[in-house]
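Colleague: Could you walk me through this one, step by step? I am new to reading structures.

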Amino acid sequence: MSRKITYFDLPGYVDAIRYMLHYSGMKFEDVRYQLKDWPIKEVKDATPYGQLPVYEEDGRTINQSMAIARYVASQTGLLPSDPWEQAKLDAAVLNVYDFFKAIYSTATEKDEEKKKALQAETVAFYFSKFERDLKAGNGYFGGKLSWADFVLVGCIAAQNLFLKKPVEKDYPTVLALVTEIRSLKGVKEYVAKHTYDHVKF
Ligand SMILES: N[C@@H](CCC(=O)N[C@@H](CS)C(=O)NCC(=O)O)C(=O)O
């Protein structure tokens with residue numbers, strides 16, 4: 001089976017997908033574009049909605065990072081079969097995705113002080129809830145790994161780069177999950193190989 005994920009040379013919306021594929025040992029092509037080269041007209045025009053990521057498998061294509069992540073989870077044992085459990089994890093993932101969008105929306109704020117305050121407020125709001133949920137449920141899925149864990153940790157990788165600090169440091173349960181996922185076989189080697197010191201936002 002051929003698998004290809006196309007995105008930027010960033011964690012962004014995609015590291016969770018890369019983590020799951022590496023963790024499961026599935027072979028895939030990890031195609032990355034540099035932000036400075038974007039837009040590349042022929043690549044952009046070939047995507048369904050003009051944006052990345054795009055996932056291709058045996059000649060079929062889907063876009064939308066969380067749809068891709070959910071599909072990959074279903075192929076890697078990280079999506080439970082019970083519909084209620086699935087819905088709970090979908091909700092957890094969408095809460096993380098809301099955080100992603102809230103943080104990225106601060107990029108347009110020109111006043112640096114205001115921007116910093118807004119970012120701090122957004123991190124505090126969402127991370128206190130992520131911490132609460134992980135603690136109350138012994139993780140997102142009762143002590144077993146699921147795709148929601150990978151999405152949160154992938155999101156944190158992206159946000160640490162964007163905010164230039166480890167956002168999880170004041171949230172011990174979140175921090176423990178980050179450490180656990182980044183230490184998994186496959187993920188550990190991937191994380192060690194990809195650093196983003198060259199990235200400027
Ligand atoms: N809802 C989409 C959003 C995709 C998206 O915003 N992609 C951005 C990068 S994170 C992009 O392709 N930007 C370049 C462009 O719009 O030309 C998803 O989650 O996949």
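Colleague: How many of the 17 residues of H7 are buried?

Modeller: Some ground rules: this is a predicted model, where local features need pLDDT of at least 70, side-chain atom pairs count only at pLDDT 80 or more, and totals for chains, interfaces and linings use all residues. Residues are numbered from 1 along each chain as its sequence is written. A residue is buried if 20 or more other C-beta atoms, placed from the backbone, lie within 10 Å of its own. H7 is largely enclosed by the rest of the structure because the buried count among its 17 residues is 14.

Colleague: How far does helix H7 reach from its first C-alpha to its last?

Modeller: Helices here are DSSP runs of H or I with at least four residues, numbered from the N terminus. The expected span is 1.5 Å times one less than the number of residues. H7 covers residues 147–163, and its reach is close to the expected 24 Å, at 24 Å.

Colleague: Which strands stand at the edges of the open sheet?

Modeller: Strands are DSSP runs of E with at least two residues, and two strands pair if DSSP finds at least two bridges between them. The sheet has 4 strands in the order S2-S1-S3-S4, with mixed pairing. Each edge strand has a single partner, so one side of it is left without a neighbour in the sheet: these are S2 (29–33) and S4 (60–63).

Colleague: Which residue in S2 does Tyr7 stand opposite?

Modeller: S1 (residues 3–8) and S2 run parallel, joined by 5 bridges. Opposite Tyr7, in S2, you will find Arg32.

Note on methods: Buried ≥ 20, exposed ≤ 12 C-beta atoms within 10 Å, placed from the backbone.
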